[in-house]
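This is a short tutorial on reading a structure with two chains. The learner asks about one feature at a time, and the teacher replies.

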Amino acid sequence: MKKIFLSIAMATLVAACGSQEVKKDVPVTDRTAPTTQPTQPSTATTTSPATQPAITANPLVDPKNILSKRSVYFDFDSNAVKDEYRGLIQAHAKYMVDKRDSKIRVEGHCDERGSREYNLALGQRRAEAVKKVMTVLGVQDGRIETVSFGEEKPAGMGHDEAAWAQNRRGDIKYAGE
Amino acid sequence: MKRLLAAFLLAFAALAAHAQLTIDITTSGGRQIPVAILPFAGEAAQPQPVSTVVGADLARTGLFRLVNAVGVSPVPTEPSEVNFVDWQARSAEALVIGKVEPQRDGRVEVRFRLFDVQKQSQLASFSYVVAPAQLRATAHRIADVIYEALTGEKGVFSTKITYVVKRGTRYELQVADADGANAQTVLAANEPIISPAWSPEGGRIAYVSFDQKKPIVVVQNLAQGTTRVVANYWGNNSAPAWSPDGKRLAVTLTRDGISQIYVVPAEGGEPRRMTTTPAIDTEAGFSPDGKWIAFTSDRGGSPQIYRMPAGGGAAQRLTFEGTYNVRPRFSPDGKSIAFVQRESGRFRIAVLEVDTGQVTVLTDGTLDDSPSYAPNGKMILYEAQVGGRGQLAAVSSDGRVRQRLVSSAGDVRDPAWGPLPTN
């Protein structure tokens, strides 16, 4: 049920963004990624084989490419970027350094515990932490906007640690996606 | 564009009926004033039973006990018909009688009288001529008069509340009467809506919209249905709080990096930065006299409540117990601050007495959030998560009376209590 409405929401998003046909399936792949294991997002299952050749043309959406991985997960009450995500962030920083017209938004998220507005600020701090790693690696400040959804857009819908772990995250979104 | 929005709103208003809230009250300790509210003559022929609405309003506060009027025949509707000795025997301290009379122009006249049973004297009497559709609102005004006469405090039965309903992927900002009746959807969106805040005169609501895939602050004029974006800067724009004169909004922006507090004109315009720290400063709330801004900051290592002069200046820490004290809201008299406190992994509504630093925890939920004072300061409306769903609840500011507003509408969150109506 959750997956269904997520897909619908993402389909709407895609339509609204008017993105290019190549990217048609992209956001679905991204969004459903963290539903089971926060540390090991799996993208393979939702990718339609028919569109596979088109997708592999773009490294950002090639499931075999680290650039298709977009979520950085955080510990409770923490905005420290864990070592296991440094490679992922470095890959995106390198991509942006090479592709000078690319811009991203890093979207911070929190679990549901605590006040909505303080969580919004905490999510933004997580997004800033991801951004900082990228700017140190040479991406200009103005190409990375950090925003937060606080606790408003949980990836895990439950009310336990398993769900909360999926919701303490920063997501990298390229402009136009 | 505006016209389109208005049409949209009308369509949603028609759907609002099934979203009504029902109320469940628990009280502990304290004296309740026994009051008899007799059926008003002629009210049975009207769309709203006035005396029932009045009785429900008073009972909901937990401060009154409704005295049984079974077997009273005929029911008195004029002072001369009241047998005070009988009401003393029924241990009523106050008695309300009234009548509803149709007028030639289609309107109705509602009269009521409130008596002190012991002294056998009249405490209040009013007459209103209204359209039949206004009878419920009139009942709330009568309850306000009775409440004020018997407690010395202003009644809040004629006020409005706002809150957000989440149904699947749809978010609705609703406005309802304080008793949950007449819920109207004033905004519907496919992205989250959070932090609604009433303007001091009650005509506008500021809120945070995610329609642009990021948080921005919007002010909506309720009568006209028009909206104005007041903060849409680089990064986040959130946590709107009105200045008492309705001319400015404190907001949280991240345009200079981390979340900091700024003040913007309510019509939009250049923000003025109020805090300069390397920490999160957010959740501003003005004191009723406009002199202070209370806010949440984690500059000391954990989120705590601070206040600073509304014109700018050094901040002073107000909470010291525990490691998580957030979301401050001043009481209408400015003496207390309601906030969210975390203790042992549970989030509850607490009240801080500003002068003494005394903290009292009022609720016993697990995930309580968004406290909002009634304009008379007697109740605090808040969001309680029950079974994974948000519900509205209220607690008296002394913690004795608790109400739960149960909605069939889904996930109900982020309530804000509106101001007293301006008559």
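The dialogue below goes from confidence to the interface, then to domains, helix packing and local backbone features.

Q: Where should I begin, and what is the mean pLDDT of chain B?

A: Begin with confidence, since this is a predicted model. Chain B has a mean pLDDT of 92, and 94% of its residues reach 70 or more. Its residues 1-19 have pLDDT below 50, and this stretch has 21 contacts in the model beyond near neighbours in sequence.

Q: What is the mean pLDDT of chain A, and over which residues does pLDDT stay under 50?

A: For chain A the mean is 77, with 68% of residues at 70 or more. The stretch under 50 is residues 1-51 of chain A, for which the model has 61 contacts beyond four places in sequence.

Q: What ipTM and pTM does the predictor give the complex?

A: The predictor gives an ipTM of 0.91 and a pTM of 0.86 for the complex.

Q: How many residues of each chain are in contact across the interface?

A: Contacts are counted between residues whose C-beta atoms, placed from the backbone, lie within 7 Å. Here 21 residues of chain A are in contact with 31 residues of chain B. On the side of chain A that touches chain B, helix H1 (2-17), H5 and strand E3 (144-150) each supply at least two residues. H5(A) gives the most, with eight residues. By class, this side of chain A divides into seven nonpolar, six polar and eight charged residues.

Q: Into which domains is chain B divided, and how many residues of each are in contact with the other?

A: The division gives domain 1 (32-151) and domain 2 (160-417) of chain B. Their C-alpha centres lie 36 Å apart. Six residues of domain 1 of chain B are in contact with six residues of domain 2 of chain B. On the domain 1 side, helix H2 (residues 50-60) of chain B gives the most, with three residues. That side has one nonpolar, two polar and three charged residues.

Q: How should I read the packing of two helices, and at what angle do the axes of H2(B) and H4(B) cross?

A: Take the approach of the axes and the crossing angle, then the handedness and the residues that meet. The axes of H2(B) and helix H4 (residues 135-151) of chain B come within 8 Å and cross at roughly 45°. The two helices are therefore oblique to each other. H2(B) passes H4(B) in a right-handed crossing. From H2(B) the contact is made by Val50(B), Val53(B), Val54(B), Asp57(B) and Leu58(B), while the H4(B) residues include Leu135(B), Ala139(B), Ile142(B), Ile146(B) and Tyr147(B). By class, this contact has 10 nonpolar, two polar and two charged residues.

Q: At what angle do the axes of H4(A) and H5(A) cross?

A: In chain A, the axes of helix H4 (residues 86-98) and helix H5 (residues 116-136) come within 9 Å and cross at roughly 55°. That makes H4(A) oblique to H5(A). Their crossing is right-handed. Arg86(A), Ile89(A), His92(A), Ala93(A) and Met96(A) of H4(A) meet Val130(A), Val133(A) and Met134(A) of H5(A). The residues of this contact divide into six nonpolar, one polar and one charged.

Q: Which residues does a cis peptide bond join in chain B, and where is Pro74(B) found?

A: For a peptide bond, look at omega. The cis bond joins Ser73(B) and Pro74(B), with omega about -5°. Pro74(B) is in the loop between strand E3 (64-66) and helix H3 (84-89) of chain B.

Q: What is phi of Ser344(B), and where does this residue lie?

A: Phi of Ser344(B) is near 50°, a positive value in a residue other than glycine. Ser344(B) lies in the loop between strand E23 (336-343) and strand E24 (346-353) of chain B.

Terms used
Residues numbered from 1 in each chain as written. Chains lettered and ligands numbered in written order. Predicted model: local features only at pLDDT ≥ 70, side-chain atom pairs only at ≥ 80, totals over all residues. Axes fitted to C-alpha atoms, helices over the stretch in contact; angles between N-to-C directions. Helix = DSSP H or I, 4+ residues; strand = E, 2+ residues; numbered from the N terminus. Parallel < 35°, antiparallel > 145°, perpendicular 65-115°, else oblique. Left-handed = near helix turned anticlockwise from the far one by under 90°. Contact = placed C-beta atoms within 7 Å. Nonpolar A, V, L, I, M, F, W, Y, C, P; charged D, E, K, R; others polar. pLDDT = per-residue confidence, 0-100. Domains from an automatic or database assignment.
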